[in-house]
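Hi,

Here is the structure I promised to pass on to you. Have it open while you read, and my notes on what turned up follow just below.

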Amino acid sequence: MDVTSEGYSGSKKLHDEETAEIPETAHQISTDSWFQVGFVLTTGINSAYVLGYSGNVMIPLGWIGGVIGLILATAISLYANALIAKLHEYGGVRHIRYRDLAGFIYGKKAYSLTWGLQYVNLFMINTGFIILAGQALKAAYVLFKDDHVMKLPHFIAISGFVCAIFAIGIPHLSALRIWLGFSTVFSLIYIVIAFVLSLQDGLQAPARSYDIPGTKISRIFTTIGAAASLVFAFNTGMLPEIQATVRKPVVENMMKALYFQFTAGVLPLYAVCFVGYWAYGNKTSSYLLNNVSGPIWVKAMANIAAFLQTVIALHIFASPMYEYLDTKFGIKGSPLKIQNLTFRITVRGGYLAINTLVSALLPFLGDFMSLTGAISTFPLTFILANHMYLVAKKDKLTSAQKLWHWLNVGFFALLAVAALISALRLIAVDSKTYHVFADL
């Protein structure tokens, strides 16, 4: 069934320079090298979220569970993303949106359901980014003036405003270009500083505990929540949208980008995650730069870099919503045209205002990571990927291969349910501990 025609995606079909059809879109298609796309993916996984994995993943899992879990999450995430990448031109159509691919394989209801899941996934990722940006700004502020006048909700509001300005100025994903270079520099700044200062603290600190905190029951829930955070770390939930920007051959080039992401791209994440946990044990903060000691100007530079990189990374994860709205309302031509500029100010500004309000209301970053992994990352990246591949390639798969994909579907479905229960419990517990607009 082909649902990329007018009526399901609301756009007409176009043809590229070869044979595959592509839906009409207001954004650019097939313009980027695999290396640029690899940097887009690497920007996502080495965002300021990496500063939270020592506390949000390693503490609940401990050394053995954390190390094995991160390596397994890397491997299965590469595998699942490769399945989706290989379906990009399935049926002679370029599926430039996740929902288009699901709709083509399953039908109209799956198109709508996938779009809903993806929207929730990206909205919550962006909410987490704004929380992170607010935390980074606050951490920089208190280094110089710890007077409690400015609180976390204030910094979250500032972060949301800066993200909106950036979103208005950058019309589409391919336009990031030089900003990806800046993003890489910003990432290196806070990752190197966090790594070096944590290493320095760890070498000088007395023995610390790596015991997993909590009661037996609470440890079960936090372990499941950490597993959801693990898959959240490596997956975007928008691979077809990113793959749409890569030059032909799209599958081959996307696989190069994925190999880059899951080899060189994950090393900084591993380094800061493991060294942070080694240095501070089960006292590691959910924002590692709150733990480190060192010159004030160095810590300030790391926090400002984390803030600026978060602004760029958020734009990547908001781009599917921007593409949908730009295409639906026919926003084409020069980005500086008054009509287009007014549209971006109104629509993107409004979208990020809602994100910012939710971020300030419930600034529980670890809980958002777990909940996002449970309700959207598991279904989009693991359950749907395996089942779509199973349906699309059913005539070419052996019985053993079919069984393998069904086992993946069943296992990740159970894990998603368990992670959802765990994440909701964590949010309920934190909501009792902290009030809305909490100054964490």
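The second largest pocket of this predicted model holds about 250 Å³ of space. Its lining is made of 15 residues, and those nearest the centre are Gly69, Leu72, Ile76, Ala227 and Leu230. Two or more lining residues come from each of helix H2 (53-86), H7 and helix H14 (399-433), with H2 giving the most, seven residues. If you sort the lining of this pocket by class, you get twelve nonpolar, three polar and no charged residues.

Next, the closed spaces. There are two cavities of 30 Å³ or more, and the second largest has a volume of about 90 Å³. Of the 13 residues lining that cavity, Gly44, Phe232, Ala233, Asn235 and Phe317 are the closest to its centre. Helix H1 (34-45), helix H4 (108-144) and helix H7 (216-234) each supply at least two residues of the lining. Which helix gives the most to the lining of the second largest cavity? That is H7, with three residues. Here the lining divides into nine nonpolar, four polar and no charged residues.

Finally, have a look at the largest nonpolar core, which has 119 residues. Leu51, Tyr53, Leu70, Tyr190 and Phe234 have the most contacts inside it, and helix H11 (residues 296-328) provides the largest share of this core, 15 residues. Phe234 is a good one to click on: leaving aside residues up to four places away in sequence, its contacts include Ile45, Leu70, Ala73, Phe262, Val266, Leu269 and Tyr270. Polar partners are there too, among them Asn81 and Gln261.

Enjoy exploring!

Best wishes

Note on methods
Residues numbered from 1 in each chain as written. Predicted model: local features only at pLDDT ≥ 70, side-chain atom pairs only at ≥ 80, totals over all residues. Heavy atoms only, no water. 1 Å grid on protein atoms, 1.4 Å probe; cavity = no way out; pocket = protein on both sides within 12 Å on 5 of 7 lines; lining within 4 Å. Points joined across faces, edges and corners; volume = space filled by probe spheres on them. Helix = DSSP H or I, 4+ residues; strand = E, 2+ residues; numbered from the N terminus. Core = buried A, V, L, I, M, F, W, Y, C linked by side-chain atoms within 4.5 Å. Buried < 20%, exposed > 50% of the residue type's maximum accessible area, 1.4 Å probe, protein only. Contact = heavy atoms within 4.5 Å.
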